[in-house]
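Reader: I would like a close look at one part of this model, the larger of its sheets, with the strands that build it and the core and pocket to which they contribute. Please set that part in the context of the whole chain.

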Amino acid sequence: MTRFPALALALLCCTAALPAAAQQTPPPKSGTDATAPQGPRFTLSSSALVNGAALPDDLRCTRSGGDGVSPPLSWENAPANTQAYAIVMQHYPNGTYPGVNEPSHYWLVWNIPAGADGVARGNPESLGVEGSDKDLRATGYTPPCSPSGAGTHEYTIWVYALDAPLADLPDQDDIGTGWTDVMAALKGHVLAGDSITFLN
């Protein structure tokens, strides 16, 4: 009986000792704040993705027979004072956990114009500014490409409506900008957010 409080205290101490960036989690989805104004909720959807379902074959990485481009996304009911949007796609590898570890990031996009209501498949219009890919080799989207036999993994795409463009981040695609940089820049600017999770 006395071992459980000691274990809980040890876990708390270990978590508190982690860098602040490693403890960050995405801002809450819209509608979770009891003081939020009532009305239609900011909603993210995709013509290609079903929340909780597998990534379609044509969107898988080229090694798995797909074309490896980013999925189409659309959103609606953004707050009236939205000035920009950001996209963050992330995955927590086995042995890592939200609130404890940083995720692997697969897509970082910021300063998408306020007039946008989505991005097309592959983002052919190059909306927004993009950060590094997962492997820090280029900028832009990284298609999930789990090794054969590695099991199924969960990926989450967040879209945030912002009260201003993220001035703390570069205004051109930048390979040096990663998940921690984007999460720090988002702080205090998120008006609403929603997510889609898929499996691969």
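Author: The account below begins with the chain as a whole and then turns to the sheet, the core and the pocket.

This is a predicted model, in which local features need pLDDT of at least 70 and side-chain atom pairs count only at pLDDT 80 or more, while totals for chains, interfaces and linings use all residues. Residues are numbered from 1 along each chain as its sequence is written, and side-chain values use heavy atoms, with hydrogens and water left out.

The secondary structure comes to 2 helices and 8 strands, where helices (H or I, at least four residues) and strands (E, at least two) are DSSP runs numbered from the N terminus. Along the sequence these elements follow the pattern α-β-β-β-β-β-β-β-α-β. Of the 200 residues of the chain, 40% count as buried; buried means under 20% relative accessible area, exposed over 50%, and partly exposed in between, with a 1.4 Å probe and protein chains only. Among the contacts (heavy atoms within 4.5 Å) with a separation of 6 or more, 75% come from residues 24 or more positions apart.

The sheet in question is open and antiparallel, with 5 strands in the order β6-β4-β3-β7-β8; two strands pair if DSSP finds at least two bridges between them. At its edges stand β6 and β8, each with a single partner strand, so one side of each has no neighbour in the sheet. Starting from the β6 edge, 2 bridges join β4 to β6 (residues 129-130) in the antiparallel sense, and W110 has V129 of β6 as its bridge partner. Next, β3 and β4 run antiparallel and are joined by 7 bridges, with I112 in β4 as the bridge partner of Y85. On the other side, β3 pairs with β7, also antiparallel, over 7 bridges, and there I87 stands opposite V159.

Within this sheet, β4 deserves separate attention. Of its 10 residues, 8 are buried, so β4 is largely enclosed by the rest of the structure. N111, which is placed in β4, has a relative accessibility of 22% and counts as partly exposed. The phi angle of N111 is near 60 degrees, a positive value in a residue other than glycine. A positive phi, near 45 degrees, is also found at N123, again a residue other than glycine; N123 lies in the loop between β5 and β6 and is buried, with a relative accessible area of 8%.

The sheet strands also contribute to the largest nonpolar core, which has 25 residues, with L73, W75, I87 and I112 having the most contacts inside it. A nonpolar core here is a set of buried Ala, Val, Leu, Ile, Met, Phe, Trp, Tyr and Cys residues joined through side-chain atoms within 4.5 Å. Two or more residues of this core come from each of β2 (73-76), β3, β4 (104-113), β7 and β8. Apart from this core lies another, of 16 residues, including V88, L162, A185 and L186. I112 touches W75, A84, Y85, I87, V119, L127 and G128, if residues up to four places away in sequence are not counted.

β2 belongs to the other sheet, an open antiparallel one of 3 strands in the order β1-β2-β5.

The second largest pocket again involves strands of the 5-stranded sheet. A pocket is an open set of points on a 1 Å grid over the protein atoms alone, where a 1.4 Å probe fits and protein lies on both sides within 12 Å along at least five of seven lines; lining residues have an atom within 4 Å of a point. Its space is about 240 Å³, the volume being that filled by probe spheres set on the points, which are joined across faces, edges and corners. There are 14 lining residues, and H91, Y92, P98, E154 and T156 lie nearest the centre. At least two lining residues come from each of β3 (84-91), β7 (154-162) and β8 (190-199), and β7 gives the most, with 4 residues. By class the lining has 6 nonpolar, 7 polar and 1 charged residues, where Ala, Val, Leu, Ile, Met, Phe, Trp, Tyr, Cys and Pro count as nonpolar, Asp, Glu, Lys and Arg as charged, and the others, Gly among them, as polar.
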